[in-house]
Every structure is written in C-alpha cells, then in structure tokens.
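User: I should like to go through a structural model and ask, for each label, what value stands behind it. Please set each value against its definition.

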Amino acid sequence: MTSYPPASEFVAQANADALLYERARTDRDGFWAEQANRLHWHKPFTEVLDWSDAPVARWFGDGELNVAYNCVDRHVIDGHGDQVAIHWEGEPGDSRAITYAELLDEVCRAANTFTALGLVAGDRVAIYMPMVPEAIVTMLACARLGLTHSVVFAGFSPTALRQRVDDAQARLIVTTDGQWRRGKPAPLKYAVDEALGSDPSSVEHVLVVRRVGLEVPWTEVRDLWWDETVAVASPSHEAQPFPAEHPLFILYTSGTTGKPKGILHTTGGYLTQTAYTHHHVFDHKAGHDVYWCTADIGWVTGHSYIVYGPLANRATQVVYEGTPNFPDENRHFEIIEKYGVTIYYTAPTLIRTFMKWGREIPDAHNLSTLRLLGSVGEPINPEAWRWYREVFGADKTPIVDTWWQTETGAIMISPLPGVTETKPGAAMGPLPGISAKVVDDEGTPLGSDESGLLVLDQPWPSMLRGIWNDMDRYRETYWQRFASEGWYFAGDGAKLDADGDLWILGRVDDVMNVSGHRISTAEVESALVGHPSVAEAAVVGASDETTGQGIVAFVILTGSASGAGDLVSELKAAVSLEISPIARPREIHIVPELPKTRSGKIMRRLLRDVAEGRELGDTSTLVDPTVFEAIATA
C-alpha cells in the first residue's frame with residue numbers, strides 16, 4: 001500500500017517531533033506533568049497519577065485550576081483580548097466575530113446570572129441548544145462556577161431530554177426559542193416544556209435565548225429571557241479554582257441499548273489531554289491558524305475540539321450553525337474560503353457525502369489555505385481518505401485520522417503530523433503517553449493481520465471517571481471483560497498490519513463472524529465504496545443458518561450510476577477480489593438513503609433489524625426516521 005511521508009516543509013515547522021514518543025516512553029508521569037503545566041494552575045499539583053482506586057483514576061489530584069480561566073481569562077491577561085476566538089456563521093447567513101475579551105465579558109455575565117439564580121458549585125445544568133455562541137458561553141460559565149453541565153443534543157426528543165435532566169437532577173435548563181433547519185425555524189422551547197410537562201422536576205429555571213423569533217409558551221418565574229438577564233448582568237467576575245477532580249460535565253450516550261449512560265469527566269486531566277492533543281495532533285499555531293471542527297457541541301467532539309481544547313490553546317475557530325447543503329452544496333467550501341480555514345476536522349460520512357456530490361463543487365472554490373485535514377467518528381475507508389487528501393488538500397496536506405470515544409474524552413490514536421508516515425485508512429498508532437494493545441478474547445496479544453479486540457492497558461488523563469449514579473455499571477461495561485489484567489475494553493475491533501500499524505475495524509458488534517472468520521464491516525464497506533458506481537455503503541451481519549452470519553450490504557449509487565444490469569453481481573465479485581470470497585455479501589440492496597443519526601453516524605443496528613426481518617428498534621435519534629420507507633420500497 002502506498003504510504004505518505006510528511007513533507008519536509010511541514011516537518012520543519014511541526015509542533016511534534018519523534019522525541020515526544022521517547023519522552024513519554026521513558027518517563028510517563030513526567031511527560032503528562034509537562035503537558036499539564038501548559039495550563040495555568042491556581043494551586044500547582046505535586047502528584048501526577050493515583051491509580052490506587054482503579055478503575056477510578058485521580059490525575060493531578062492535589063492541584064487546583066479553573067477551566068474557564070484557562071480557556072479565556074489568561075489569554076486576555078496575556079494581551080490577546082483582541083484576537084478573534086470564534087468566527088460564528090449562522091445558517092441564514094448572519095455572522096459574528098467574537099474576540100477573547102468579548103467572550104470573557106459574556107462568560108462573566110452568564111456566571112453572575114447563574115449565581116443570582118442560586119446555583120452553587122456541584123449543581124447540574126442542562127444545555128439544550130443549537131450551535132449558537134450562547135451555548136459555548138453557557139458551557140464556559142458552568143465551568144467557571146464549578147457547575148457540572150450536561151449538554152443534550154438539540155435534535156433529541158423531549159423524552160430523551162427529560163431522561164437526562166432527571167438522571168442528572170439538573171436545576172437549570174438553558175435553551176433557545178428555536179433553531180434554524182434548512183431555512184425554516186424549528187421550535188426548541190416547546191420541546192423543553194413538553195419534556196418538563198406537569199410532573200415534578202428538579203428544574204427550577206429555564207433560560208431562553210432568542211434565536212429565530214418564534215412565539216413560545218411561558219411559565220412565569222420559572223422561565224427567563226437571556227437578553228433580559230445575562231445581557232444586562234455585570235461583566236466582572238473573578239474565577240475561583242476547583243480541585244482537579246471536580247466534575248466538569250456529564251455527557252449521555254445515545255441509549256440505543258437500555259438507559260443512557262451518563263459519562264462523567266472531571267477537570268484537570270480532561271483539560272490537560274484535550275489541550276495537548278489539539279496542539280500536537282492538529283499542529284495548531286495560536287494567532288496564525290483558523291481552525292474548524294464541524295461537529296456539534298451535543299457530542300463529545302464538540303466538547304473537546306470546539307470548546308475546551310481549542311480555547312485552552314487560544315485558537316481562532318469557525319463555528320457553523322447549519323447543515324452542509326443549505327442553501328446549497330457549496331456552503332462548507334464557501335465558509336473555508338470566507339475565513340481562510342487552515343485546519344479542517346470532520347467525519348468520514350461527510351467526506352463521502354462530498355464525494356457523492358462530485359468534486360466539481362470543491363474544485364470551484366479556493367481551498368489553498370488548508371494545511372491540515374482531520375477525520376473523526378468512524379474508521380475512514382482508504383478511497384475516501386485519498387479523495388479527501390487530493391480534493392481538499394491538493395494531494396499534499398497531511399490527514400490525521402483520529403480514534404477516540406466519549407469515554408476517552410480526547411484523541412487516543414492518531415498519526416502525528418510532521419512525524420508519522422501515514423497510510424490511507426489506518427489509525428497508525430497510540431499518541432505519546434497513550435498505551436493500547438490488540439488482543440484475542442483471552443487477552444493474548446495478537447500478531448500482524450490478526451483481527452482482535454482493542455484494549456487500553458494504562459490509565460490516561462482524560463479518561464471517564466465513571467457513569468453518573470451507576471459505578472457498578474461503569475465497572476461492568478468497561479472493565480469486566482479484562483478485569484484480571486486491569487484493562488479498559490474499548491468495544492472496538494482492531495488489527496496490526498505487518499509494519500505494526502493499527503487499523504480500527506469498528507465496533508465489535510460490527511465485526512462479523514462468517515464461518516468462523518472475523519470480517520470487519522468497515523473492510524467490506526471500503527471494498528464496495530472503492531467501486532466507481534458506489535457513493536456510500538453500510539454493511540451488517542445477519543443471522544445465517546449455514547455460516548453463523550451472512551453479510552448484507554446497503555449501497556447508495558453515485559449520481560451517474562445505474563442499478564441496471566449485473567451491478568450487484570459485479571459488486572459481490574469486487575468484494576471477493578478485494579478481501580476474500582468469504583467476505584462476499586450474501587445480499588446487496590441498492591437504496592436511496594441510509595439511516596443516520598444527527599451526528600452523521602450510520603445506524604447499523606437498525607439495518608441489522610431490516611436484514612433479519614425484525615421490528616425496528618428506537619429510531620428517535622435519526623435525522624429522518626422515514627428513511628426506512630424508502631429502503632423498504634427499494
């Protein structure tokens with residue numbers, strides 16, 4: 001396979017070098033102390049890691065700091081108040097440039113308002129908002145006061161919101177009157193009212209930002225307008241330090257199986273690793289780069305790589321409210337041009353969508369400012385990787401394909417730009433300071449080209465500290481499988497190639513067992529997308545009396561392709577040739593759309609229901625639950 005060494009001019013200016021691995025290997029605690037000391041500590045730590053209560057870690061446990069101070073105040077104090085922190089682009093085309101000094105004022109006003117509402121350190125605040133600046137201000141104001149925030153994605157249902165509010169016992173909900181969706185205002189405050197209903201709740205106040213101008217239901221005393229409270233509050237507020245292990249946020253997983261899990265992250269270790277990874281993985285240069293992570297703050301990528309990591313590193317970043325194809329498919333490329341984006345971090349799903357639209361759209365725009373590209377959310381297939389590099393990056397821009405999870409808090413496995421010779425589709429290796437293994441079901445390390453389980457065998461600073469209100473579930477979910485070794489099981493499959501480079505194979509339930517052979521859904525999908533007629537593919541394993549599991553594929557064709565003739569046979573043959581006859585799909589269905597969550601992930605669980613003829617599971621997290629009507633018709 002062709003590999004891509006870093007260009008000499010990139011190496012010459014890169015933040016990272018090969019010695020970073022050596023420093024982390026020879027003195028792990030010293031390495032992490034060095035990264036932590038890039039932050040401002042009100043009370044310096046003397047202890048790096050306490051793992052005596054495993055699997056609950058204490059990192060920098062005797063130190064104290066304030067997250068908001070690190071993300072905003074210190075940059076203003078250091079003379080960078082006039083630097084733009086956020087270039088905010090609204091869906092209808094309105095925009096704001098918010099400097100660090102202005103951001104500090106807004107965060108202080110919000111903090112003073114929350115204090116006036118009676119909130120004290122340790123209380124929980126639910127945030128149910130679209131991608132507006134006030135959402136980021138709210139997160140930082142919570143961090144400033146030691147309030148633990150729980151961001152609930154603005155696309156979630158009232159039922160999902162209520163579940164999360166009740167589990168966290170939130171005293172305040174911050175929301176908007178509505179949100180823009182493809183040019184039309186969609187209500188959001190209504191959903192809050194429906195969630196709270198007439199049943200008793202822990203919620204004492206609902207704070208509402210005017211965004212789309214909708215009339216909203218109103219409960220006097222409980223409901224408050226942002227512009228009548230926060231906007232008129234004092235911009236003076238002194239940040240107080242909190243212990244490094246003070247709870248920073250709870251983020252709930254989607255709850256596709258059972259009750260949502262409230263993943264708990266704390267303060268010092270989390271901020272250390274998000275700042276470290278943002279600096280080195282994205283080669284970020286404060287005051288020079290314009291960084292754009294296309295995620296939503298409702299997901300962990302938005303927490304770590306829109307709010308905390310970038311702001312701790314004094315980034316100037318783009319935050320976009322809308323969808324990639326409103327008012328048309330040029331929108332992302334116009335934004336890159338408008339702001340001169342230099343670092344772009346997005347999901348493979350979106351890259352494949354751009355491929356489907358055709359390269360004439362990006363080719364019509366000046367993307368020459370881009371100097372680094374990132375990928376997150378799922379393994380990227382080699383075809384999409386190459387297209388991304390060629391079309392976005394003029395065939396020279398490095399790509400960092402990052403592996404991590406809500407639970408890990410920050411990037412764990414990724415190439416280091418300027419250091420790593422990359423391979424399309426490979427995650428490459430753990431970052432300096434991170435340790436991972438590929439093992440079999442018994443925990444025995446595997447050799448090259450053997451598919452196994454990905455485990456993390458050493459604690460890391462940004463690791464989750466538990467599941468909110470359910471520590472037994474935390475131990476059972478993440479630590480029980482390899483309890484005797486003390487390893488965290490990530491739930492993902494992986495393999496090492498002949499060079500020792502790491503390939504992520506997707507969730508273990510996305511690793512199919514066909515006649516005793518482990519076959520990754522990602523590998524089969526990559527083979528299908530490699531065919532010129534296929535724009536996107538999703539593969540699941542369905543029960544099969546003969547082979548244990550049979551491979552069922554759902555594919556979307558490119559705009560110019562036709563499903564006529566022997567295309568299905570051709571695609572089956574292509575998979576056999578690319579991987580093995582064992583991987584030949586039992587069925588291939590040509591469909592107009594795939595079921596995706598609002599974060600862009602394909603819901604393979606639901607496709608498995610279709611493939612096995614079962615009643616569909618929960619579809620509430622889908623962008624378009626009616627997609628199954630189109631699949632059934634096809």
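Analyst: The discussion below takes up aromatic pairs, charges over rings, burial, helix packing and contacts in turn. This is a predicted model, in which local features need pLDDT of at least 70 and side-chain atom pairs count only at pLDDT 80 or more, while totals for chains, interfaces and linings use all residues. Residues are numbered from 1 along each chain as its sequence is written, and side-chain values use heavy atoms, with hydrogens and water left out.

User: What makes two rings an aromatic pair, and how many such pairs are there?

Analyst: Rings of Phe, Tyr and Trp (for Trp, its six-membered ring) pair if their centres lie within 6.5 Å; planes under 30 degrees apart count as stacked, over 60 as edge-to-face, and the rest as tilted. The count by this rule is 37 aromatic pairs.

User: Why is the pair W218 and W225 called stacked?

Analyst: The ring centres of W218 and W225 are 4.5 Å apart and the planes stand at 15°, so the pair is stacked.

User: Are these two residues buried or exposed?

Analyst: Buried means under 20% relative accessible area, exposed means over 50%, and partly exposed lies in between (1.4 Å probe, protein chains only). W225 has a relative accessible area of 13% and is therefore buried, whereas W218, at 29%, is partly exposed.

User: Why is the pair W292 and Y320 called edge-to-face?

Analyst: The centres of the W292 and Y320 rings lie 6.4 Å apart with their planes at 85°, so the pair is edge-to-face. W292 belongs to strand β16 (residues 290-293) and Y320 to strand β17 (residues 316-320), so this pair ties together parts that are 28 residues apart in sequence. Strands here are DSSP runs of E with at least two residues, and helices are runs of H or I with at least four, numbered from the N terminus. W292 is buried, at 1% relative accessibility, and Y320 is buried as well, at 7%. Both W292 and Y320 are part of a cluster linked by ring pairs, together with F333, Y344, F354, W357, W387, Y388 and F392.

User: How do you know that R210 lies over the face of W225?

Analyst: A charge sits over a ring if NZ of Lys or CZ of Arg is within 6 Å of the ring centre and within 35 degrees of the ring normal. R210 lies over the face of W225 at 3.8 Å from the ring centre. R481 is likewise placed over the face of F489, at 5.0 Å from the ring centre.

User: What makes S304 a buried residue, and which polar partners does its side chain have?

Analyst: S304 is located in helix α11 (residues 300-312). Its relative accessibility is 0%, so S304 counts as buried. A polar contact is a pair of N or O atoms within 3.5 Å; within protein, one must be able to donate a hydrogen and the other to accept it, and residues adjacent in sequence count only if both atoms are side-chain atoms. The side chains of S304 and Y270 are joined by such a contact at 2.8 Å, and a polar atom of the S304 side chain lies 2.7 Å from the backbone oxygen of G409.

User: Why are α10 and α11 called roughly perpendicular?

Analyst: Axes are lines fitted to C-alpha atoms, for helices over the stretch in contact, and angles run from 0 to 180 degrees between N-to-C directions. Angles under 35 degrees count as roughly parallel, over 145 as roughly antiparallel, 65 to 115 as roughly perpendicular, and the rest as oblique. The axes of α10 (residues 268-281) and α11 come within 8 Å and cross at roughly 85°; the two helices are therefore roughly perpendicular to each other. Contact means heavy atoms within 4.5 Å. Residues of α10 including Y270 and T274 meet residues of α11 including S304 and P310.

User: What is known of R164 and R222 with respect to burial?

Analyst: R164, in helix α7 (residues 158-168), has 2% relative accessibility and therefore counts as buried. A polar atom of the R164 side chain lies 3.2 Å from the backbone oxygen of T253. R222 is in the loop between β11 (205-209) and β12 (223-225); its relative accessible area is 16%, so R222 is buried.
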